[in-house]
Amino acid sequence: MTQLSSTASSCATQWKMWHLKVFSVIYFIAVCAAQDASSVTKAYGKTPESTVLPIGPPPVPSLQSQSPLDVFPSEKVEFNCSVSGSSKWTFTWKVNGQPVNDTDPNLSLDGEGSKLTIKASQAHSGSYVCQGHDTTNKVTTADSNSLKLNVYENKPKPTVVLTPKYDKLFPGESVTFKCTVNVFSAWEYLWYHNGNEIQGFNNDTYNINSLAHPNSGQYRCKAKRGKEPFFTEESETTTLQVSDPPTPSLKVRTPWSDVFYTENVEMSCEVDSPDWTFIWFRDGQHVKEANDLELEEDGSSLNITSATQTHQGVYTCKAQLGLRGVTSRESNPAQVIVYDNTPKPTLSKDPGLNPMYVGENVKFTCKVNVSTGWEYQWYKDGKKLTDTSETIDIRLGPSDGGKYLCKASRGGIKPADSNMMTQDVHEIPVPTLELNTQWLDVFPTESVKFSCKMQNNLDWTYTWYRDGLRIQTDNRKATLSINSASDSDAGQYKCKGHLSGRSVNSRYSSGLNLTVYDKKPSVILTQDPEYKVMFAGESVSFSCHINVSSGWEYQWFKDGTKLNETSNKYSISSVAKANSGSYTCRAKRGKDKEFHVDSSQAIKLEVRENKPKPSVIRQPSGANVYTGESVSFKCELEIPSGWRYSWYKDEEHLPHTNSSFEIHNATSLNNGTYKCNATRDKTGFQSEHSDEQILRISEIPVPLVKKGSPWLDVFPNESVSLTCGMTEIRSDWTYIWYRDGQEIQPDDAVTFDLDGTTLSIRSASASHRGQYSCSGKFKSRNVTSNPGRTVTLRVYDTKPSIKLMQRPHSKVMHTGDEVFFSCHVNVSSGWEYLFYKDENPLVASGNNYSIRSVVTTDTGSYECKAKRGKEKVFQTDETQASRLDIEERPSTAIVLLTGWSEVFSTDSLILKCEVKEGQYAWNYTWSKEGEPINQTFSEKYTVTPHNNPEQSLYTCRGVRTARPFYSKDSQSFATKNLLLKRRVLLSISGCLFFGIIAVFIGCIALRVFHKPVDEYEKPEEAELFLTMAQLKDRGDAPSPMVDYVTDEALNAPSKEGEENGKICSESTPLPITSPEDEAATAENPDTAENGGGLVSFKQ
């Protein structure tokens, strides 16, 4: 009862507490609501008790700006915030939603905060709002309208534009300057001229209505705004140049300004600048275009096409800019004079002689006495001449004779003819010089006389010259006499004729050379032909000569005896031995007084009776003459001169007449037998024929280039040798080497042996690569063979790359795998390869190194390099190391899966192949007696009496598609007398089973029928059978099955037990016999049978 009362009391208490909580919540909500209402009342402000409180939201402030909202740095900005109503308000300000910084020195507020003044900078840009706070009613308004203030980074810079935009302006023109600030308006402008402010102008334009020179200068502007003025930067200066208009230049384009009727006059008016037009004046009156007066469109030229008296006057011009109203001053004046009649030219000549001689000078003058600018045209015999000048000077020639006149013209004036003048021109005659005595070569004391004659009979005088020098004589007569000649009278004599009072001189007459000898002349005896030795039957003649003068008479002598001959020749038509001797001659001349000269030199004549026989000499004289060589033959006689030679080849006459001839570029066509004979070139006497000379031409052998070193593609710094040689007679040749057709010169790297037979390159480089050939040069003659076939020498830029390749290409191999390493150099040949393992040399054959069955000790880094050469070994760099790791191949074992408990229920044996130490997935292959079993790659294999009647040996291995591709072969597993074992085991098991049943029944019967013995009468004996628990606890408890399997008789060495081990329990695999047991089994095949006893399965 007490418990129920207590429970009821607790429930009542809980209900009370719950009601209390509900009422508390309601109370607090009511209190909050009451507070909100009072707040609203407070927001509108408390009025006196007699005033009714306003109901509704507070007013919104109005934000206004007293200055522009786009301002520049340092400009002043004023914001005003106001709220309608009579309450007392204070204000706060925000920019971009954040309260303004009260500590900013560039911000200032009035007392109530309604006016915000800002000295602008870029940091003050933003959107500004204000809030009002009623200090009486404690009410805060919402944000006012927003005003965005934009503060530019830099002050603006105005630009000044000048209108119109002319390079030059002239006095009286008007201009306008405009100052533009691209940002906003409301600017007030200030103008400056040459740095001084222009007062009274504050607009953006500044006008000058009438320019004057003082207005020239530099103009600029700037702008300001605000009460405390904010000034922009100053604009760039604009230059105004006020210049006087240019004074035009009037030029007369035609060559003259004084003209004749219908002539034209052209004038131009020019200034240095474009865009000007021109007006013309004559005698101060404006000139306008008419039929015979043409003006250019801009008035720059005036052309009077056909002048009349009305066009005469003083012309000027002015330049003007019509659109701008500018006119220049007057130009310089030009006077035009117009004549009525056309004048006639006058022709004159100086000198006035006629006829005149060639070489004289004459001057013709054509003159017009009125005006200038005339052009003259000359005519001779009615033909127009090329001269156009006022005068022509003529140095008269034979063709200059004729009738001359001239014409004067200019512009469109028809030319008028002058008077005509005739001029005759004669050649100056040449005097004739004659010798009046007998000889021009005389001896001292002889006399000589000359005469000089002209063709006409004019008043000619003469001058005489010896060797170009005038001879001073007493008169200028036509004859010159030398009464007694001496050495000083020798020379060439000439004469000239002269006309008195005229500059007419004849040419020199032809010359006569006077020779005056100082001694007697020498007599010269000559022989024709000039043979010292002659042969019987030849003809000979002797001539006697005196080299000077003439009129000589000759005398002949043989061995001092006078011969009967007086001419200057003595001839013998057919000489004989008797004509041998010494011959001389001498001469004389003159009749009244003979002049004798001394005897000539003696000429000795030898006459022989026998014909001479020539000999033939050949060069080169050796047996071998090569194609292309020059071969010379020479026919020699004891008496070498005076012969004409005949040559024969194979009895055929050759076209050679000299004592020698040469065969150039000999070929096999020149082979043959050569001989010669000689004929006197003047007498025709022939010698006997020479002995024959045989010529055989051989082809020039071509040398053969062979490599002296084993290879022709080499690497930098390798040595190379090449040999060059002829196939025969090698010692007679030297050799020249070529690379790419250019002769090779020896240097530090390239050397030759004595005859150039061997070219050796001590250290090859890229410059040595190319096509090598050689040519042979015969040592004793100028015989050079053609270059032989080329041999290409290749010099690589760098050492060869050597590559080590491994087959199979796997960094990890397994014991028993076969590994091949091959080392390759990608270029050239003759390489000897060196293999290294862990930097230790290996024995390899050629470029291969193989390991037939790898073991773990073959693990290491393998490298190779190559070398070649004997005297100078060249080695490549080592290859990049190839790492080879050798791992043990996984081992395999056959496990018997059929347990002993299954023996009673099956007649098959299940084998399983297991790969040890492997984390790979395997397939399996099975072999029986070493032969593969055809089946799937299963890890299990079932042996039955059907498929194993022979009870064979089984092995297996694991296989896979990746390394290791296969495992080690398992040890052989033997399945022998499987059925017999099973039957024996079944028989023993049945006997044991029925025996145990019989014992059990006997025990029961004994207990039933046997009378119990008193306990004290019972003998103390151990229990016959142990319990299962006791059997488990005892290690020496007997087991019939184990006793059977481990029976010593079955496991004796001669029995199968030794080779099969012992049978395990149902869950334990049969252990595989040791290798020693296998060996014993293999050696003793008789142990395979055990007289029908049980045999263990061997793994």
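These are my notes on one chain as a whole, one arginine and one strand in a predicted model.

**Whole chain**

I looked up the secondary structure and found six helices and 89 strands. The chain has 1099 residues, and 38% of them are buried. I then checked contacts between residues at least 6 apart in sequence: 62% of these join residues at least 24 apart. The accessible surface comes to about 64300 Å². Carbon and sulfur atoms account for 50% of that surface.

**Arginine 868**

I asked where arginine 868 sits, and found it in strand 80, residues 860-868. Is arginine 868 buried or exposed? Its relative accessible area is 2%, under the 20% cut-off, so I list arginine 868 as buried. Next I looked for what its side chain reaches, and noted the backbone oxygen of aspartate 713 at 2.7 Å. Setting aside neighbours within four places in sequence, I recorded the contacts of arginine 868; among them are Trp711, Asp713, Phe715, Glu718, Trp831 and Phe874.

**Strand 42**

I moved to strand 42, residues 460-466, and counted its cover: six of the seven residues are buried. Which strands pair with strand 42? Strand 45, residues 491-499, runs antiparallel to strand 42 and is joined to it by seven bridges. Within this pairing I noted tyrosine 462 opposite its bridge partner, glycine 497. Strand 43, residues 469-470, also pairs with strand 42 in the antiparallel sense, over two bridges. Here the bridge partner of tyrosine 465 is arginine 470. I checked the link between strands 42 and 43 and found a hairpin with two residues between them. In that turn, aspartate 467 has a positive phi of about 55°.

How values were computed. Residues are numbered from 1 along each chain as its sequence is written. This is a predicted model: local features need pLDDT of at least 70, side-chain atom pairs count only at pLDDT 80 or more; totals for chains, interfaces and linings use all residues. Side-chain values use heavy atoms; hydrogens and water are left out. Helices (H or I, at least four residues) and strands (E, at least two) are DSSP runs, numbered from the N terminus. Buried means under 20% relative accessible area, exposed over 50%, partly exposed in between (1.4 Å probe, protein chains only). Contact means heavy atoms within 4.5 Å. Accessible areas come from the Shrake-Rupley method with a 1.4 Å probe; for residues, only the protein chains shown count as cover. A polar contact is a pair of N or O atoms within 3.5 Å; within protein, one must be able to donate a hydrogen and the other to accept it, and residues adjacent in sequence count only if both atoms are side-chain atoms. Two strands pair if DSSP finds at least two bridges between them.
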